[in-house]
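Biologist: I'd like to learn how to read contacts and salt bridges in a model. Can you walk me through it?

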Amino acid sequence: MLEVQLLYNYLVIGALLFGIGLVGLLSRRNMLIMFLAAEMMLQGVSLSLVAFGRFHNDWGGTTLVILILTVAACEAAILLALVQCLFHRTGNLDIAVWHDLRDANQPKFIDQEVPGDDAAKPEWPTLTPAGIEPEVDADEALEHRIHV
Amino acid sequence: MFETKSLMVLIPALPLAAAIIVGLLGRRWLKEYSHVPVVLALAGSCVFSLLLLKDISNREPDAKQVGVEVTHTLWTWAAIPAAGVTTPQIKATPNFQIDITLRADPLTCMMLPMVTFIATLVAIYAMGYMHGDPGYWRFYAYVGLFVFSMTMLVSVSNFALLYVFWEAVGVCSYLLIGFWFEKPEAAAAGKKAFLVNRVGDFGFAFGLFLIWVSFGTLNFHDAGDVQGVLGQTLLANPARYAEIITGSVALAIPLLLMVGACGKSAQFPLHVWLPDAMEGPTPVSALIHAATMVTAGVYMVTRCSPLFMLDPRAQLVVACIGGFTALLAGLIALTQTDLKRVLAYSTVSQLGYMFLALGTGSLAGIVAGMFHLFTHAFFKALLFLGAGSVMHGMHHIIDMRRFSGLRRVMPWTCLTFLIGSLALAGIVPLAGFWSKDQVLAAVHDRAHDGGPFVYLYYSAVLTAFLTAFYTARAFFMTFMGPLVVPHEVGDHAHESPPAMVFPLVVLAICSIFVGITFDHSLGDFIVRTPSLACTLVAGEHGLEHHFHWDIAAISTVVAVLGIAIAAYFYLGDRRQINALTRIMQGVRLYGLSNRKFFFDEIYHVLFVLPLKGLAALSYLIDRWLVDGLVNLCGWIPRAVGAVLRNIQTGVVQFYALAMVLGLALLIGTLLVWKVG
Amino acid sequence: MSAAALLATTLITPQWPYALAALLFAAGMWLLLPRGAARGRRLGAGVCLAGLALLTLLVHCGMVVACGEESCDVKWLPALSTSLGLGEDFVFLTLAAVTVASAIASVTFRKPVYCAIWFALCLMGVAGLFLYQGAQFLGVATIVVYAGAILVTILFVLMLATPEGHAYYDRLSWEAPLSSVLAGVLVGLLTITTASALTTPPTGDKPAAPAWLAAKTTDAYHAERSKNILNDNHLAGIGRELFSKHLIAVEVAGTLLLVALVGAVAIAQSIGPTASATKRDS
């Protein structure tokens with residue numbers, strides 16, 4: 001494959017990954033999936049960088065991608081802590097719940113009607129109970145699963 | 001014991017150091033002892049000035065030099081390369097350079113002991129007068145600063161520095177006039193003095209600019225190959241002056257310098273600030289507004305007399321301003337009832353006398369002007385301090401109509417005030433007689449040729465009469481007649497403390513003897529000043545002493561007549577004066593004098609009102625146009641924000657969407673730009 | 001001129017085929033995204049695939065035109081048959097297809113766990129593409145750091161925080177049409193920009209590609225590069241580069257890692273039981 005062609009192909013794939021990640025980031029409402037999408041955009045950029053680096057015979061692209069990896073790791077650590085924090089506040093991962101920074105005269109974000117869950121109730125395998133079932137305090141159990 | 005150069009530095013340095021010490025420590029630590037550093041420093045300065053005087057008077061000019069001068073360059077203040085002036089008449093002066101240079105010559109050495117001596121006495125006097133004032137330390141800090149500025153003013157050897165210290169004494173004057181700034185009149189008087197002086201300084205500055213472009217330097221002395229304006233090279237060859245400044249410039253330079261002198265020395269038409277300046281503490285009036293600062297204009301004109309010699313019209317203008325101011329102020333002083341104001345107008349009048357003498361354009365005239373400056377400093381300081389003593393005893397009441405007969409409660413003040421009055425009136429053999437006689441003689445010499453000087457001579461004689469009259473009037477109204485004290489004082493009227501009486505006595509003794517002692521010797525001394533020793537000023541013969549019996553007789557007769565008429569009117573039951581006042585009121589002359597020829601009102605209409613109108617207009621423009629524009633600038637983002645606020649939904653993804661939209665726009669633009 | 005070149009000249013000169021491809025891609029993405037109870041995911045997958053296939057064709061044709069058929073060693077349609085013999089291009093194509101397909105799956109699946117697993121596959125594809133480029137270290141590092149660490153952590157959090165069944169927010173999208181179209185526009189713009197820069201067709205006496213492209217195809221350049229970025233001791237080269245020229249950046253990155261570590265701990269510590277309790281009470 002010609003070098004120019006290789007570069008071109010990689011740039012297109014990079015753009016595609018960036019675009020797909022963008023769709024995910026913009027439209028998905030689950031914070032974790034948004035994070036995945038953002039990481040995917042980074043992957044697209046990394047691909048372009050590496051391709052350029054190879055094309056120009058330069059280490060810069062590779063170096064930059066290594067740094068991107070580092071930053072992505074930091075990002076993941078912070079983000080996951082934040083997601084945990086937010087999840088404990090509301091009990092779900094919906095990003096649309098958090099719009100407190102809107103302008104004072106803006107209305108609250110109201111969802112369109114929530115469609116019913118079309119997935120069939122999963123059938124979990126059951127195991128034969130072994131030993132005595134532990135005592136479960138009803139209140140405690142309620143509190144434990146209250147959010148989900 | 002001391003080198004000349006260290007003396008020249010020490011004289012201004014001591015008051016400055018004292019001012020800094022008092023300024024920094026006075027409020028917290030020195031408090032009622034604030035006078036100690038200042039009095040000591042001023043006394044030290046005075047001693048050093050006398051030593052310097054002795055040093056300079058022992059020097060004989062050598063054959064190559066014009067006059068006696070010692071210069072001492074401390075450091076270079078400003079040096080701008082390749083900013084010099086080149087004219088066909090002078091050699092190229094490549095650099096604009098201002099050296100901090102002090103000079104000692106007879107003129108400086110005459111001024112320095114006088115300034116420091118009177119300042120010392122005034123500082124001692126103020127220990128009593130200002131006692132207990134909350135701003136005691138501030139007063140002494142200002143006084144120290146003033147004496148530093150004044151000694152520097154007469155010591156510097158450069159027009160730029162002269163201007164700097166000219167302004168510095170103005171600032172001190174402003175600070176001291178407005179010393180009791182809580183009092184509205186004092187604050188207004190300070191402002192007035194400052195603003196009126198600005199007019200004069202404006203002219204002075206233009207004079208300096210003209211000197212700079214003509215001579216290419218602002219130095220008095222020669223420095224290297226730069227020939228100073230009043231340096232040895234030019235003075236030895238005065239014909240060069242006529243080559244360097246020609247035509248209208250030769251008239252413009254002295255006239256502009258005279259404008260500056262008019263402002264500082266309160267000459268018509270800028271005389272209006274000095275009477276108001278009496279709002280300051282009386283020691284300040286004595287030191288700054290009678291003895292020293294207001295004579296800076298006279299000093300400057302004398303210093304620059306070679307420049308004034310180039311065009312006779314300039315001399316005539318100086319003489320006319322001086323003569324007219326002397327007469328005008330004398331007329332106004334006739335009807336003033338405020339003791340300090342009488343003295344203030346008297347000061348204006350006597351300063352006019354000095355300018356009249358300088359304007360004769362003869363060496364004798366200039367010497368007479370300086371001699372009058374010298375004697376006037378003593379007896380006018382004495383009179384002001386005496387008035388201050390009266391104020392001190394009368395609880396700051398100074399209206400002469402409200403007290404009389406104070407000779408009984410204030411014998412020392414009365415005696416010394418009498419001596420001062422007689423000296424001012426020009427009674428033999430007190431100081432004023434000798435100097436006034438010299439002035440009249442100089443004017444009379446010029447009047448031989450006819451022309452305007454004849455009228456100036458007669459107006460000077462008339463002024464001498466008026467001076468005697470109003471001085472005697474003030475004395476009689478204050479000290480003679482039955483004892484009357486204002487009811488606020490009750491029976492607390494008392495003689496002033498020794499700290500105040502001592503300077504009065506010293507000054508009284510000086511007022512008796514300085515005239516007769518220095519009648520000839522002062523003139524012989526200061527003609528060795530380079531500016532005065534050059535042939536342009538001194539002529540071929542130099543100074544010749546003649547005692548004019550005729551003029552002495554006339555002036556004595558006039559003075560005695562003035563005192564006698566005052567005695568006729570003011571001793572006794574004053575029926576005649578009341579009748580005379582009514583007649584004068586009938587022909588509207590009384591009001592003219594009492595209201596100071598309406599100068600304040602005229603200036604108010606001519607200058608203050610238009611400026612106020614302009615200010616109001618500017619205010620309106622600022623308020624509506626400028627502020628409107630500024631508010632518009634503030635309103636635009638707010639309006640835009642009001643629109644954009646509606647998209648602030650707080651949903652994170654919307655912001656991401658907006659970012660991507662922007663990115664897409666950028667790339668699209670790039671594409672269209674490059675490809676399309 | 002071969003059929004491919006003819007097709008290419010008609011397709012590439014105006015840019016509308018790129019726009020069409022991007023539009024198809026966008027429409028497919030929209031259909032694929034969770035939209036409540038609406039159906040059409042299979043259709044979406046098809047449309048999306050069609051768009052991507054068109055794009056692939058355009059990219060290839062653009063290359064053919066740019067390089068000229070004679071000088072180009074990629075002969076797409078004929079090469080397709082030879083590629084079946086596991087040629088070099090086949091590897092690349094497979095990797096690219098896996099990457100893009102799993103990426104699409106990763107953002108469109110409703111169950112977050114599936115998303116994460118598809119994302120892992122996507123990462124594998126990217127790592128393979130890295131390796132294909134000769135960037136060995138990056139390929140391995142991507143798998144270790146992303147798939148090994150980040151993704152596992154995400155899965156861990158998902159296990160902790162996912163409710164039973166499909167959460168409502170996983171069944172809904174925010175402005176799916178708008179974001180799909182926007183992403184499509186962006187992809188189209190990027191592709192067209194790249195294409196216009198790299199694959200200018202020859203017009204008149206002007207050469208097919210810019211001169212700087214020609215310089216990169218010389219043997220001397222290849223020899224130079226095999227000594228450098230495509231060296232056998234690739235890793236040593238990276239190390240030398242990283243710890244000499246970019247030493248400060250490395251130090252900063254290390255500090256950043258430390259700060260992030262501390263920050264994550266600090267944030268996680270602030271989760272107290274009271275927060276959830278107050279929420280429940282309200």
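**Chain A meets chain C**

Modeller: Let's start with one pair: A:Arg28 and C:Asp170 make a salt bridge, with 4.0 Å between their closest N and O atoms. The term stands for a side-chain nitrogen of Lys or Arg within 4 Å of a carboxyl oxygen of Asp or Glu. This is a predicted model, where local features need pLDDT of at least 70 and side-chain atom pairs count only at pLDDT 80 or more, while totals for chains, interfaces and linings use all residues. Residues are numbered from 1 along each chain as its sequence is written, chains are lettered from A and ligands numbered from 1 in the order in which they are written, and side-chain values use heavy atoms, without hydrogens and water.

Biologist: How many salt bridges are counted between chain A and chain C?

Modeller: Just one salt bridge is counted there. Polar contacts (N or O atoms within 3.5 Å; within protein, one able to donate a hydrogen and the other to accept it, with sequence neighbours counting only if both atoms are side-chain atoms) come to 11 residue pairs across that interface, both residues at pLDDT 80 or more.

Biologist: Which helix of chain A gives the most to the side that touches chain C?

Modeller: That's α3(A), with 24 residues. Helices here are DSSP runs (H or I, at least four residues), numbered from the N terminus.

Biologist: And how do I read the size of an interface?

Modeller: People often quote the accessible area lost when the parts come together. Here chain A and chain C bury about 9000 Å², 74% of it on carbon and sulfur atoms; that area is taken with a 1.4 Å probe and summed over both parts. Contact (heavy atoms within 4.5 Å) involves 89 residues from chain A and 110 from chain C.

Biologist: What about salt bridges over all chains?

Modeller: The rule gives 19 over all chains. In one of them, B:Glu167 pairs with B:Arg198, the closest N and O atoms being 2.4 Å apart. B:Glu167 sits in α5 and B:Arg198 in α6 of chain B, so the pair ties together parts 31 residues apart in sequence.

Biologist: Is B:Glu167 buried or exposed?

Modeller: Buried, at 18% relative accessible area; the cut-offs are under 20% for buried, over 50% for exposed and partly exposed in between (1.4 Å probe, protein chains only). B:Arg198 is partly exposed at 27%, and it also forms a salt bridge with B:Asp201 (2.5 Å, N to O). B:Asp201 is buried, at 3%.

Terms used:
Buried area is the accessible area (1.4 Å probe) that two parts lose on being put together, summed over both. Helices (H or I, at least four residues) and strands (E, at least two) are DSSP runs, numbered from the N terminus.
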